[in-house]
Amino acid sequence: MENSIIRKSKVWSPEKIEEIQEKAQLGRYRIRGQATKRMDLPSFDDLVFTPAGLSRVALEGYREKCDTRVVIGEGRVKRPLVLETPIMVAGMSFGAINSNAKKALGMAATRCGISTCTGDGGMHPVEREASDKLVYQLLPSRYGLNPYDLKRADAVEIVVSQGAKPGTGGTLLGQKVSEEVATMRDLPVGVDQRSPCRHPDWMGPDDLGVKIDQVRIATNYEVPIFIKIGAGRVYDDTKLAAKAGADAIVIDGMEGGTAASPEIQLDHTGIPTVAAVVEAAEALHEIGMKDEIKLIIGGGISNGADAAKAIALGADVVYIGTAMLVALNCNKALYVEDYKALGTIPSACHHCHTGKCPVGIATQDPDLMLRLNPNEAADRVENYINSITMELQIFARSCGKSKVGDLDPTDLRSLTMNTSMITGVPIVGMGTRKPYWANYHTSTQAGELLSR
Ligand SMILES: Cc1cc2nc3c(=O)[nH]c(=O)nc-3n(C[C@H](O)[C@H](O)[C@H](O)COP(=O)(O)O)c2cc1C
Ligand code: SF4
């Protein structure tokens with residue numbers, strides 16, 4: 001029990017007091033990496049699968065196949081993007097992370113038959129070489145934009161916004177703008193880079209359609225085009241993106257990761273991934289394009305359970321950023337003194353913006369970079385992707401499905417009223433029936449007695 005004199009306040013919590021005093025000292029808002037640290041968001045953990053029993057038959061894990069393949073752009077482009085498992089490595093800019101990290105992610109993705117994505121800042125040659133399937137981002141910043149690279153991409157992603165900072169542009173602090181990063185972005189070395197929040201060459205949904213047509217012509221109608229949007233007004237945005245002609249729509253929930261965002265925005269902008277997937281799926285279903293346009297969902301996905309639940313709620317593929325970095329070694333208890341020097345500990349680090357990543361991922365410092373061996377890191381990421389694939393198959397088989405993509409909302413129940421209301425998934429215990437006592441009248445006995 002707290003001492004009655006020294007009592008902490010919920011309104012003026014130690015964290016709030018620290019935040020105010022830091023702003024008072026710095027004269028600006030906090031910027032940091034990783035993602036929101038809010039603990040009160042509805043999440044996929046609020047849902048559980050209802051496995052097969054007698055009403056459905058489970059599939060045998062060792063003998064019966066469970067298909068994981070997804071094709072994006074089938075029937076729409078000449079060279080659809082084939083993913084052997086419904087996972088994609090999300091775009092993380094060269095600048096935010098370094099070429100060793102890019103190489104490791106590319107090697108792992110290639111071995112698993114999935115794609116990586118350039119992120120902002122252009123296509124690094126090491127990344128193109130390592131990644132069999134590479135998605136090229138077109139962003140408002142146009143950093144590193146190069147039409148020759150566009151033609152070498154296996155898909156193009158037009159970024160409207162991302163979940164960690166929807167409605168604002170990006171930030172790359174000067175300490176990470178090395179000579180190579182500056183050259184690729186055509187900007188001066190060591191200077192903070194703010195990227196804009198709106199594309200310079202289209203203003204809204206109508207001319208986005210024109211932009212997509214231009215990209216189709218530039219890429220000879222060969223590769224699929226995605227539109228990526230931070231989750232906010234998901235229902236309408238999804239419909240508009242579909243109307244503009246996207247082959248796939250990426251929705252990035254508010255839990256989405258970043259290398260640098262204002263903390264206040266991480267915590268107070270956008271909607272959670274579990275809500276976003278439902279709105280997006282509903283929008284596509286309503287316009288009759290749920291099968292044709294693929295829905296890619298990102299933001300806080302960490303394991304096969306999150307991924308399987310996102311797919312059951314309507315996603316075709318999950319986008320994973322932060323967890324891929326964790327597989328590389330982010331937040332691992334190595335070089336602990338360096339975490340301390342940043343004022344943090346392994347497992348709580350969010351210091352990607354500083355350029356002093358203790359494990360050599362979110363840094364361009366040549367000495368720190370040596371701490372990430374791309375070959376060993378690729379093995380870890382490959383293991384991680386394979387593990388999620390196996391976990392996805394566990395859920396599909398246990399629900400009696402021979403395809404992961406056949407999971408649907410009827411395979412789920414909600415543990416909380418909140419998430420039940422958000423997703424439309426019935427709360428546990430209710431199933432699809434009325435309780436057996438729904439027609440009981442508590443007053444029956446009294447009524448009988450009175451009528452005598
Ligand atoms: C280090 C880092 C850098 C990122 N850079 C970009 C970027 O350049 N462009 C972009 O659209 N999204 C960027 N993102 C967001 C990811 O593409 C993705 O939307 C997000 O990471 C998904 O959430 P998750 O991290 O919880 O998996 C970045 C994320 C991280 C962690
Ligand atoms: S360990 Fe590196 S990549 Fe991970 S949060 Fe810290 S600075 Fe970012």
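Start by selecting Ile296 and Val317: in β15, the bridge partner of Ile296 is Val317. Keep in mind as you go that this is a predicted model. Now widen the selection to the strands themselves. Strand β15 covers residues 317–320, and β14 pairs with it in the parallel sense over three bridges.

**Along β14**

Stay with β14, residues 294–298, and add strand β12, residues 248–252. Five bridges join these two strands, which run parallel. Two pairs are worth picking out. Ala248 has Lys294 of β14 as its bridge partner, and Ile249 stands opposite Leu295.

Next, show the β14 side chains and look along the strand. In a regular strand the side chains alternate between the two faces of the sheet. Here Lys294, Ile296 and Gly298 point one way from β14, while Leu295 and Ile297 point the other way. Are these residues buried or exposed? All are buried, so with a cut-off of under 20% relative accessible area, five of the five residues in β14 count as covered.

**Out to the whole sheet**

Zoom out until you can follow the open sheet of eight strands, in the order β5-β15-β14-β12-β11-β8-β7-β6, with parallel pairing. Select 87–89 and 115–117 to mark the edge strands, β5 and β6, each of which pairs on one side only. Neighbouring strands in this sheet are turned by 25° against each other on average, direction ignored.

**Into the ligand site**

Now centre on ligand 1. Which of the 23 residues around it come nearest? They are Gly91, Asp252, Gly300, Gly321 and Thr322. Colour the shell by residue type and you will find seven nonpolar, 12 polar and four charged residues.

Then turn on distances from the oxygen atoms of ligand 1 to polar backbone atoms:

- Gly300, at 2.6 Å from an oxygen atom of the ligand
- Asp120, at 2.8 Å from an oxygen atom of the ligand
- Gly257, at 3.1 Å from an oxygen atom of the ligand

Switch to a surface view here: the protein covers 97% of the 600 Å² of accessible area that ligand 1 has on its own.

**Last stop: β13**

Select 258–262 and 322–328. These are β13 and α11, and each supplies at least two residues of the shell around ligand 1. Of the five residues in β13, five are buried. To finish, add strand β1, residues 31–34, which runs antiparallel to β13 and is joined to it by three bridges. One pair to label is Ile31 with its bridge partner in β13, Pro262.

How values were computed. Residues numbered from 1 in each chain as written. Chains lettered and ligands numbered in written order. Predicted model: local features only at pLDDT ≥ 70, side-chain atom pairs only at ≥ 80, totals over all residues. Heavy atoms only, no water. Near = heavy atom within 4 Å. Polar contact = N/O pair within 3.5 Å; in protein donor to acceptor, adjacent residues only side chain to side chain. Areas by Shrake-Rupley, 256 points an atom, 1.4 Å probe, with all protein chains shown as cover. Helix = DSSP H or I, 4+ residues; strand = E, 2+ residues; numbered from the N terminus. Nonpolar A, V, L, I, M, F, W, Y, C, P; charged D, E, K, R; others polar. Buried < 20%, exposed > 50% of the residue type's maximum accessible area, 1.4 Å probe, protein only. Pairing = 2+ DSSP bridges. Axes fitted to C-alpha atoms, helices over the stretch in contact; angles between N-to-C directions.
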